[in-house]
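Biologist: Got a minute to go through this model with me? I'd like to start with the ligand sites.

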Amino acid sequence: MNNFIKKEICTALDCVGCGVCVSVCPQRCISMEENKEGFLYPVIDIEKCINCGLCEKKCPQNMAHNTETSKFYMAWHKNREILMKSSSGGVFSALANWILDRDGIIVGATFNSKTREVSHELINEYRQLDELRLSKYYQSKTEHIFPLVREQIKQGKLVLFTGTACQIAALNSFLGKLDIKNLITLDVLCHGVASKKVVEEYIKSKEKEYGKKIIDFRFRVKEGKEGWEAGSGTRMKLFFTDGTSVTQDKYTDTYFVGFNSNIFLRESCYNCKYCGQERIADFTAADFWGVTNKRVSKQQLYDGVSVLLVNTDKAKKILPDLSSTLNVVDIDPMEAIPYNRAFERPNSRPEERASFFELLEKKGFDGAVKQLNSRYYRNITIKKILKKILPNGVYKNLINKG
Ligand SMILES: Cc1cc2nc3c(=O)[nH]c(=O)nc-3n(C[C@H](O)[C@H](O)[C@H](O)COP(=O)(O)OP(=O)(O)OC[C@H]3O[C@@H](n4cnc5c(N)ncnc54)[C@H](O)[C@@H]3O)c2cc1C
Ligand code: SF4
Ligand code: SF4
Ligand code: SF4
């Protein structure tokens, strides 16, 4: 007999998959299991459950969270080598360095290229920072991490916990008290997350397209003519077993077309409680997509710039210390907000989301994304044909009018 049932700890549409419920259950009768979309949800072994209610009480989605009003800056790392290894301006690295200089611990999302698992892990060495750098645009597993973080805090270690805002909320509700002196939090402004299954299906499609096996991949690269500028850093780079690699075109790559059209995000992301300018972490980092060459040099646009939000008194005190590794300049919030939807509200759930996962089974990843974004792909094809047949000036005029 199967005793595992899907009792709701919070509503399924709200569950962010953090696994706090797993960590707090005194009976150890909750496990995280993948649903058919590949997202993790808690499942309770009802025979062992003693109905203590702790899982519901500690679930971050069942409680309100304190937020703080932020001060907006733009920031970029002074060391170009580190900057080029970071998603935007290397804010994470500057803060992580500050913690490691004080013998602290860093917690963040690591990627295992063999298992393709993204999971939160603890590190305490500078050379391990590469494992945490770069955005992985699918959900990081966290259910194991909260007790380990509590242990480090209890031992008096300085801890930097990084992740999406729902993961910061999860940590706060697990720890149960706010303003812990030796805990600093940084959230990465978040558009939403995909599941591991979605990424595996994307990789399968690309292996079919290129006729060879993929050994590794990155969601962010600063290379080519554009580097980071105007969204060009968010491109998929695929590494093959034969030692070759390819960087996908940012306009047509099915992963980012699907991700940016929001057709395979976790259900909770369409109703995210953590969007907006009032934040729950000490610091928030984002891409400064609104920056132009009136504000920074052309080189800087190539290399990358972050938006840095300083949200709490604790963060305000640390900020001056970061100036040894980070350039930090005041900005008007309106220079950043209009270019980053998560500063205002969550992404809407498109009608097409309902059919994506069915189509995925029938047509594979590329087929499903292309069918649900057929108008977008048609327009791109038309533009490519016009570019080929029209003189450059005429083409540019036409595109700018359209
Ligand atoms: C899922 C996701 C969605 C995002 N959406 C947006 C967006 O809509 N707009 C925007 O401006 N920025 C977004 N970002 C943030 C942005 O990509 C950069 O992470 C941010 O600008 C910090 O830059 P950095 O140069 O300091 O980065 P890096 O040094 O590359 O930052 C690495 C940090 O990201 C964390 N991280 C990486 N992957 C994950 C993951 N899967 N889950 C949790 N934490 C992770 C690591 O723990 C580490 O703290 C998103 C990031 C993620 C992970
Ligand atoms: S009610 Fe208590 S025992 Fe039952 S699953 Fe939740 S935490 Fe575990
Ligand atoms: S604690 Fe986290 S994983 Fe558990 S039900 Fe709540 S949101 Fe979902
Ligand atoms: S959009 Fe919100 S709910 Fe979804 S992963 Fe990001 S912070 Fe969490």
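**Ligand sites and domains**

Modeller: Ligand 2 sits in the largest cavity. Keep in mind that this is a predicted model.

Biologist: How much space lies in the largest cavity?

Modeller: About 100 Å³.

Biologist: And how many cavities of 30 Å³ or more does a search of the whole structure find?

Modeller: One. The lining of the largest cavity has 14 residues, and Cys25, Cys29, Cys49, Cys52 and Cys55 are the closest to its centre.

Biologist: How does that lining divide into nonpolar, polar and charged?

Modeller: The lining of the largest cavity has 10 nonpolar residues, three polar and one charged.

Biologist: Which residues surround ligand 2 itself?

Modeller: The cysteines are Cys25, Cys29, Cys49, Cys52 and Cys55. Around ligand 2 you also find Pro26, Gln27, Ile30, Ile44, Ile50, Asn51 and Gly53. By class, that shell has nine nonpolar and three polar residues, with no charged ones.

Biologist: Now ligand 3. Which residues come nearest?

Modeller: Cys15, Cys18, Gly19, Cys21 and Cys59, out of 14 residues around ligand 3.

Biologist: How many in that shell are charged?

Modeller: None; the shell around ligand 3 is 11 nonpolar and three polar.

Biologist: What surrounds ligand 4?

Modeller: Cys166, Cys190, Cys269 and Cys272 are among the residues there. The others around ligand 4 are Val16, Thr164, Ala165, Gly192, Val193 and Ser268. Sorted by class, the ligand 4 shell has seven nonpolar, three polar and no charged residues.

Biologist: Switching topic. How is the protein chain divided into domains?

Modeller: Domain 1 covers 4–62. Domain 2 is made of 68–192 + 277–343, and domain 3 of 196–263 + 351–401.

Biologist: How far apart do the C-alpha centres of domain 2 and domain 3 lie?

Modeller: 27 Å. In terms of contacts, 27 residues of domain 2 touch 28 residues of domain 3.

Biologist: What area do domain 2 and domain 3 bury between them?

Modeller: About 2300 Å², with 59% of it on carbon and sulfur atoms.

Biologist: Which residues in domain 2 lose the most area to domain 3?

Modeller: Arg116, Tyr137 and Tyr302. Together they make up 34% of what the domain 2 side buries.

Biologist: Back to the cavity for a second. What does rolling a probe over the atoms show?

Modeller: With a probe the size of a water molecule, you see where empty space is left. Here, the largest cavity found is the one where ligand 2 sits.

Key:
Residues are numbered from 1 along each chain as its sequence is written. Chains are lettered from A and ligands numbered from 1 in the order in which they are written. This is a predicted model: local features need pLDDT of at least 70, side-chain atom pairs count only at pLDDT 80 or more; totals for chains, interfaces and linings use all residues. Side-chain values use heavy atoms; hydrogens and water are left out. A residue is near a molecule or strand if one of its heavy atoms lies within 4 Å of it. Ala, Val, Leu, Ile, Met, Phe, Trp, Tyr, Cys and Pro count as nonpolar, Asp, Glu, Lys and Arg as charged, and the others, Gly among them, as polar. On a 1 Å grid over the protein atoms alone, a cavity is a set of points where a 1.4 Å probe fits but cannot get out, and a pocket is an open set with protein on both sides within 12 Å along at least five of seven lines; lining residues have an atom within 4 Å of a point. Grid points are joined across faces, edges and corners, and a volume is the space filled by probe spheres set on the points. A molecule sits in a cavity or pocket if more than half of its atoms lie within 2 Å of its grid points. Domain bounds come from an automatic or database domain assignment. Contact means heavy atoms within 4.5 Å. Buried area is the accessible area (1.4 Å probe) that two parts lose on being put together, summed over both.
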